[in-house]
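Q: I'm new to this one. Can you walk me through it in short answers?
A: Sure, ask away.

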Amino acid sequence: MAPAFIITIDTEGDQIWSRPRKATTRNAAWLPAFQELAQRHGLRPTWLVNWEMAHDPVCVEFLRDVLARDAGEVGLHLHAWDTPPLEPLTDDDAQHHPFLGEYPEKLMREKLERLAGVLEDTFQHPLRSHRAGRWALDTRMIRWLREQGFTVDCSVCPGIDWRTTKGNPQGAGGPDYRRAPREPYFLDEQDFTRPATQPAPDALLEVPLTIRASRWPWARTIFESYSKRHSWLRPNGRNGVAMRECVNEAVAVGRAHLLFMLHSSELMPGGSPTFPTAESVARLNEDLAALFALAQARGCQGRTLGEFAAEWKASVAPLV
């Protein structure tokens, strides 16, 4: 059977990489065209929504329509530095972008509860899917997600070590995912880079981002680490062929899933450093059309993150 093809979109403000003092959300106007492209190829995006986009009227209207048509899913994606309650962790959280797990647990939970409450009130749909801001999963976060009825996370980047990426300048950096599995697994709450040995019925399923080892394993610089040592199912304007290779390899070896990701702001010219012009976004859309057409032609099944998790859990039941 061909793998499930899961589209995840970090639905967030414009140019977050530039550390804006106040987030803008103009990229919301570009979301419907992406949704239409995905639907033409039988794919069902999961929109992982953060604080500012949950309050943008254009984004809200669009996602309500997606849910009403059962054409996709809304999940949670939290940026700790601008999600209330706003209690500073560093001398300038807007500049440093601390990881959620670096805040005290009480404040971490309050932020999660605030955003989850807004999303559920706005969309009148239960939340099941999550991706941590800046990829930084945390064991306390996993416990909260499970307690709140979430079923699936997609924060893990197999083969990637984020420890040199700082949130709090005085902190230890991001998580080390080098040992993490590439296939879905139930999270061990003490070590989320390994499968739980005896998962409970409410265990959180991890569906890792699709990242494959590249043909240049000797690359050593930071740039080469991302462009050569690993091939991500994530567009960067130069990897259309590599992304299609990911699909062909997954089908050939019988992988269970392909997890694609993109930031909503990357759909808008000037919304990200990766796609700064109308021409670069046009090339992105060409790459996306070719990738999605290949996935459809190879028999991949479009699934939201929550749908995939439900099917996986039904076929591989956790232990009591």
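Q: Why is C157 not bonded to C154?
A: This is a predicted model. In it, the sulfur of C157 is 9.3 Å from the closest cysteine sulfur, in C154. That is too far for a bond, because a disulfide needs the two sulfurs within 2.5 Å.

Q: And how many disulfides are there by that rule?
A: Zero. C154 is in no disulfide, and C157 has the nearest cysteine sulfur to it.

Q: Is C157 buried or exposed?
A: Buried, because its relative accessibility is 0%. C154 is buried too, with a relative accessible area of 0%.

Q: OK, strands next. What does β5 pair with?
A: β5, residues 152–153, is joined to β4 by two bridges. The two strands run parallel.

Q: Which residue in β5 is the bridge partner of S129?
A: V152.

Q: What about β3 and β4, how many bridges there?
A: Three, in the parallel sense. β3 covers residues 73–78. One detail from that pairing: L76 has H130 of β4 as its bridge partner.

Q: Which way do the residues of β4 point?
A: S129 and R131 point one way, H130 and A132 the other. All of them are buried.

Q: Why the alternation?
A: In a regular strand, side chains alternate between the two faces of the sheet.

Q: What kind of unit do β4, α6 and β5 make?
A: A right-handed β-α-β unit. The helix in it, α6, spans residues 139–147.

Q: Switching to β11. Is that strand enclosed or open?
A: Largely enclosed by the rest of the structure, because seven of its seven residues are buried.

Q: Which residues sit on each side of β11?
A: H257, L259, M261 and H263 are on one side. L258, F260 and L262 are on the other. Both faces are covered.

Q: How many bridges link β1 and β11?
A: Seven, and the pairing is parallel. I6 stands opposite L259 in that arrangement.

Q: Now α1. Which of its residues are buried?
A: L31, F34, Q35, L37 and A38. They lie on the same side of α1, because they cover an arc of only 160° around the axis.

Q: What do those buried residues pack against?
A: Several elements, both strands and helices. The strands are β1, β2 and β11. The helices are α2, α3 and α9.

Q: Which exposed residues are on the face turned away?
A: A33 and R40.

Q: What happens just after α1?
A: G42 takes a positive phi there, of about 75°.

Q: Last topic: D14. Where is it found?
A: In the loop between β1 and α1. β1 runs over 4–11 and α1 over 31–40.

Q: Is D14 buried or exposed?
A: Buried, because its relative accessibility is 4% and the cut-off is under 20%.

Q: What does the D14 side chain reach?
A: The backbone nitrogen of T25, at 3.3 Å.

Q: Which residues does D14 touch, not counting those up to four places away in sequence?
A: P20, T24, T25, R26, N27, S265, M268 and G271. So T25 appears both in that contact list and as the residue whose backbone nitrogen the D14 side chain reaches.

Notes: Residues numbered from 1 in each chain as written. Predicted model: local features only at pLDDT ≥ 70, side-chain atom pairs only at ≥ 80, totals over all residues. Heavy atoms only, no water. Helix = DSSP H or I, 4+ residues; strand = E, 2+ residues; numbered from the N terminus. Buried < 20%, exposed > 50% of the residue type's maximum accessible area, 1.4 Å probe, protein only. Polar contact = N/O pair within 3.5 Å; in protein donor to acceptor, adjacent residues only side chain to side chain. Contact = heavy atoms within 4.5 Å. Arc of directions from axis to C-beta. Pairing = 2+ DSSP bridges. Right-handed = clockwise from strand over helix to strand, strands pointing away.
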